[in-house]
Amino acid sequence: MKMFRLAATAAVVLLSLGAAQAQTTLRIGLAEDPDILDPTMARTYVGRIVFAAFCDKLFDIDEKLNIVPQLALSSETVDDGKGLVIKLRPGVKFHDGEPFDAEAAKFSLERHLTFPGSFRKPELASVDHIDVVDPLTIKLVLKSPFSPLLAQLTDRAGMMISPKAAKEAGDKFGLHPVCAGPYKFVERVQQDRIVFEKFADYWNKDNVFIDKIVFQPIVDATVRLANLKSGGLDLIERVLATDLKEVRSDSRLKVATAIELGYQGITLNIGKDKAKGPLSQSAKVRQALDLAIDREAINQVVFNGEFQVGNQWVNPDHPYYQKSLPVRARDLEKAKALLKEAGVKPPVSVDFLVPKGAETETPAQVIQSMAAEAGFDMKIRVTEFATGLKQAEAGDYQAFMLGWSGRVDPDGNSFIFLHSGAPQNYGDWSNPQADKALEDARLVTDPAKRKASYETLAKLVQDEEPILYLYHRRIIIAHTTRLEGYKQMPDGLVRVVGLKLK
């Protein structure tokens, strides 16, 4: 009998060990540590990658960039474009067990609109108020028609949070966020890890196969790749183009790529430059800097020709790209002549703020060398990304190597950076004609009319150069062959629903 009990105990121990071993953990290497994990207050690309694992939105996009329902079931534009009726998915719960319904959706949207310092407020600025039609239907009543609204709801403005948790936490919500996504928050250790576990009551739980996700920020791309190759990580984002050959030659790894929706460029401080340097005071000086840069050379030398050069907020293959304003070739003589016309004596000293990381530092060094030939002294100052954003807000820079991950609608790549007083207009550029073009593009849905407004804007931007658009990255994700079902979309996010680990 004693032997039987021992055998039975051993069997239980073995079963529990087996269950523990069956637990699967997906370890994802990030290029930076995200900012606050509160969708109302967040603003980084890397943060959006993390949100995709735990904070579902009203809508999402598919591989062809179509807008598809997520926490919503459907939408209908009414009242001549001044109303949007959204039917919500039934049976959805937040991670704290609270129900997701029309009242909760109204709360989330109103919080995005009214919370102090909200970065979602300008994205939803067209919304006058939100009505609850019935327990699973809301109506967004607009001040005026706003064509990008549905696209805005595919990102953080469409993320739904638990009203109960948000009310209790106040401005500390980002320390323990509660959403309605496939995974729920467990812990965060700054600069080390963010841990999530599978949410048992997720509305689409039958398509969630991995038990746990751990995000680990590793700024050094070489170290990230080494961790993937050694098995310390299962997936890494922002693989360097120069490492592609090495990754593709490793039979244990797979690559997934797509050209991004966004852009990489240099934001120039026009309105907040305390030193009143020549770059902020003269469009000719800014044009000279632009003409000193050879975009294709940067693409070939730094990125092995894998990226796409550009000069606008959308890439040259995008339907809203203005083909009448192609990328200008490098022209050193013209650059020098423009400096002379501006009455500026070289070298022009520029405080060049550059976020830490090979993907930004290396092209910045190449730009520094190119610009020197035209008469610019680009003094590179490397900072952590989040620190750089704070300094940019304060105007403590003259040029800022800054990219944008991109949005489905061109408004999402332009308005918040180029409209007077917009929250991410770090250069404080202000032009009434540009403001009007941006506003006009929001009022109509006809693509031809919208493109005409954006053409007006593109010409003004090319003349005044508040941002030097340089290139569009190829999003490069590498993962272990043990991970099945991964597909890369142009927004650069890592979607975890449907993934399996062998």
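Alanine, valine, leucine, isoleucine, methionine, phenylalanine, tryptophan, tyrosine, cysteine and proline are counted here as nonpolar, aspartate, glutamate, lysine and arginine as charged, and the others, glycine among them, as polar. With these classes, the 20 residues that line the second largest pocket divide into eight nonpolar, four polar and eight charged. The structure is a predicted model, and the points below cover its cavities, its pockets, two helix pairs and two backbone features.

**Cavities**

- Rolling a probe the size of a water molecule over the atoms shows where empty space is left.
- The count of cavities of 30 Å³ or more comes to eight, and the largest of them holds about 490 Å³ of space.
- The lining of this largest cavity is made up of 32 residues, and those that lie nearest its centre are E32, R238, Q264, F385 and R473; two or more lining residues come from each of the helices α2 (45–54), α6 (221–230), α12 (358–374) and α13 (385–394), and likewise from each of the strands β13 (263–268) and β17 (399–404).
- Strand β17 gives the largest share of that lining, with four residues, and by class the lining of the largest cavity holds 16 nonpolar, eight polar and eight charged residues.
- The volume of the second largest cavity is about 140 Å³, and 15 residues line this second cavity, with D290, N311, Q462, E465 and Y469 closest to its centre.
- Helix α16 (447–464) and strand β18 (467–472) are the elements that give two or more residues to the lining of the second largest cavity, and that lining consists of eight nonpolar, three polar and four charged residues.

**Pockets**

- The largest pocket has a volume of about 520 Å³, and among its 26 lining residues D60, Q70, M489, R495 and V497 are the closest to its centre.
- Helix α2 and the strands β2 (59–61) and β3 (67–69) are the elements that give two or more residues to the lining of the largest pocket, while helix α2 also gives two or more residues to the lining of the largest cavity.
- Sorted by class, the residues that line the largest pocket are 15 nonpolar, four polar and seven charged.
- For the second largest pocket the volume is about 350 Å³, and the lining residues closest to its centre are D33, P34, D35, R188 and Q190; strand β8 (183–189) and helix α13 are the elements that give two or more residues to this lining.
- Helix α13 accounts for the largest share of the lining of the second largest pocket, namely three residues, and α13 is also one of the elements that give two or more residues to the lining of the largest cavity.

**Helix pairs**

- Helix α9 (residues 283–292) and helix α11 (residues 332–341) have axes that come within 8 Å of each other and cross at roughly 165°.
- Angles over 145 degrees count as roughly antiparallel, and α9 and α11 are therefore roughly antiparallel to each other.
- The crossing in which α9 passes α11 is left-handed.
- On the α9 side the contact involves K284, V285, Q287, A288, L291 and A292, and these meet L332, K334, A335, L338, L339 and E341 in α11; eight of the residues in this contact are nonpolar, one is polar and three are charged.
- Helix α14 (residues 411–418) and helix α15 (residues 432–443) form another pair, with axes that come within 10 Å and cross at roughly 145°, and the crossing of α14 past α15 is left-handed.
- In this second pair D411, S414, F415 and L418 from α14 meet D435, L438, E439 and R442 from α15, and by class the contact comprises three nonpolar, one polar and four charged residues.

**Backbone features**

- The peptide bond that joins P346 and P347 is cis, with an omega of about 0°, and P347 lies in the loop between α11 and β15 (348–355).
- Although D80 is not a glycine, it has a positive phi of about 55°, and D80 sits in the loop between β4 (72–78) and β5 (83–88).

Note on methods:
Residues numbered from 1 in each chain as written. Predicted model: local features only at pLDDT ≥ 70, side-chain atom pairs only at ≥ 80, totals over all residues. Heavy atoms only, no water. 1 Å grid on protein atoms, 1.4 Å probe; cavity = no way out; pocket = protein on both sides within 12 Å on 5 of 7 lines; lining within 4 Å. Points joined across faces, edges and corners; volume = space filled by probe spheres on them. Axes fitted to C-alpha atoms, helices over the stretch in contact; angles between N-to-C directions. Parallel < 35°, antiparallel > 145°, perpendicular 65-115°, else oblique. Left-handed = near helix turned anticlockwise from the far one by under 90°. Contact = heavy atoms within 4.5 Å.
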